[in-house]
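Biologist: I should be grateful for a close look at a single part of this model. Please begin with the overall order of elements in one chain and proceed from there to the part itself.

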Amino acid sequence: MRVHPGNKSTNASGANSTILPGEGQKELDIPVIVDAYNQHKVGVDVADQYQTYFDTHLISRRNWYPLVYWMLETAVINSLIIYRDLPANKECTLDHFDFRLSILRDLLHTGSPSTMKISSCIPASQRITRSAPST
Amino acid sequence: MQQKTLKIPIQNLPDRPKLPTFDPLQPVVPPHTAWNLLPISFSELDAITPIQIFNLFLTNSIMGQLGANTNSNAQQQLLGPEKERQHSWQPVTAPDLYLWLAIQTHMGLIGVPPERYRMKDGVYLPEDGLPPAAYLGKICYQEICCFFHVSPYNSLPETPEGLPCWHSKVEILLEQLQFFSQQYRVPGSNVTIDEAMILFTCRSIHITKMPNKPISQGYKFFRMAEKGYVWEFHPSSNAVGGDPVDVESHLLQLTDTGKRVHHLIRHLHQRHRKLSFNVYMDNFFTTQPLLAELCRMGIGASGTCMQQFQGFPKELKVGKNAKLPYYFQSGAVNDGVATLLRMDSLPVTMMSTIHPLHGED
């Protein structure tokens, strides 16, 4: 599907011979090579798109922290794609948000049985005491 | 300095070659779709949960290693002779790091509408009603952020030339992520190679500035992906270039970028020799020698290309802003690589070893 170029487009005169001025858009043939490129070139862009939805990237002054955030995001996105491709999830699967929420819930569950890490460099009165949360 | 562009009026357009016939590279085996290669133990499970797959990439052993390195870093930072009386450090454990990871994940979800992620007193809650911060206190979270360390303290991996590797502080995670990404999935026939920017705006000699990109400043990685699944990546630095790659003598004609692309594809080819792959690239990577070399390996490649790059046919060079008749097409074949020039809104130049020049969809 091709949209009619604007009248001030550098190539508007050439396009007008193919797409008439009254036509807003028109289906036109494109070469096989262009079509295949448009179909398959999006592999990396899809990964970037997934990352932008719920990005965990925080501002940091240490120059290697962005790489850690990126690796965490890549691990989540790769997990999501593997999960969606499981035979049991072909028809009914979690969306991206629910997938992350499920990971979040299970990470909290995995971490909660441990004894709380208490910072000893703060006064005892300001320490956060925590037991395993009851739901 | 602004580059001059060649503008050719239509009436003065020199004759361009017509579309030649081109026999594209035929795959030895039919194209395939991607599939998972999960551990055998997963087949015994009734249902596989997201966290089980996520733990394939961030395993318990990695988390234990991160905890040990964080503790080592904290002890070195806090337990020095002059600070010994002021600070003490209670070691973090793998569960603590899981909680820390959960809070990181939680912060990515904060922008979600409240009807999906309940909000109470300004804090977004998971379904159990407790905010993630209730599981790990603020001070504890900040301490982990402060002393978090991926690699062992004071151990810097070196390049083959003996220089410190610029991403040595996260080398463990990079290696593990790449290893497991390759282990648990076979990509489909059509893979993509592109550069990716990781946002970082502070000072570093290794960041790259690309003002016209959505992320204009940060670290640049070359990535190979298939429908969003990142199968392999290659870090690149503005100061020291990309990581060293093994280059055979017949590849010396390739550009540095071409060698790295060849390195990425060779890994895929060596791992799955019985499968056929086609690689799609943008005009930053596509050169005629690279595509010809991939063709000799039996790997198809296609992509847009720049007219000033290595191996572009001289008879098709028209300049970036040339005015040609709409849908004008021309082409050339050189060493098994077909080049197409097509006039759209602007001239489009593409190279391919797997598509015919004739024929339209």
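Modeller: Along its sequence, chain A runs in the order β-α-β-α-α-α-α, with two strands and five helices; helices (H or I, at least four residues) and strands (E, at least two) are DSSP runs numbered from the N terminus. The model is predicted, so local features require pLDDT of at least 70 and side-chain atom pairs pLDDT 80 or more, while totals for chains, interfaces and linings use all residues. Residues are numbered from 1 along each chain as its sequence is written, and chains are lettered from A and ligands numbered from 1 in the order in which they are written.

Of the 135 residues in chain A, 33% are buried, that is, have 20 or more other C-beta atoms within 10 Å of their own, C-beta atoms being placed from the backbone. Chain A meets chain B through 77 of its residues, which are in contact with 87 residues of chain B; contact requires C-beta atoms, placed from the backbone, to lie within 7 Å. On the chain B side, helix H3 (residues 94–108) supplies the largest share, eleven residues.

The part for closer inspection is helix H6 (residues 256–271) of chain B, whose 16 residues span 23 Å from first C-alpha to last, close to the 22 Å expected at 1.5 Å a residue; the expected span is 1.5 Å times one less than the number of residues. Its buried residues include B:Val261, B:Leu264, B:Ile265 and B:Leu268, and also B:Lys259 and B:Arg260. The buried residues of H6(B) pack against several elements of chain B, among them strand S5 (190–199), strand S7 (217–226), strand S8 (229–237) and helix H7 (288–297).

Terms used. Contact = placed C-beta atoms within 7 Å. Buried ≥ 20, exposed ≤ 12 C-beta atoms within 10 Å, placed from the backbone.
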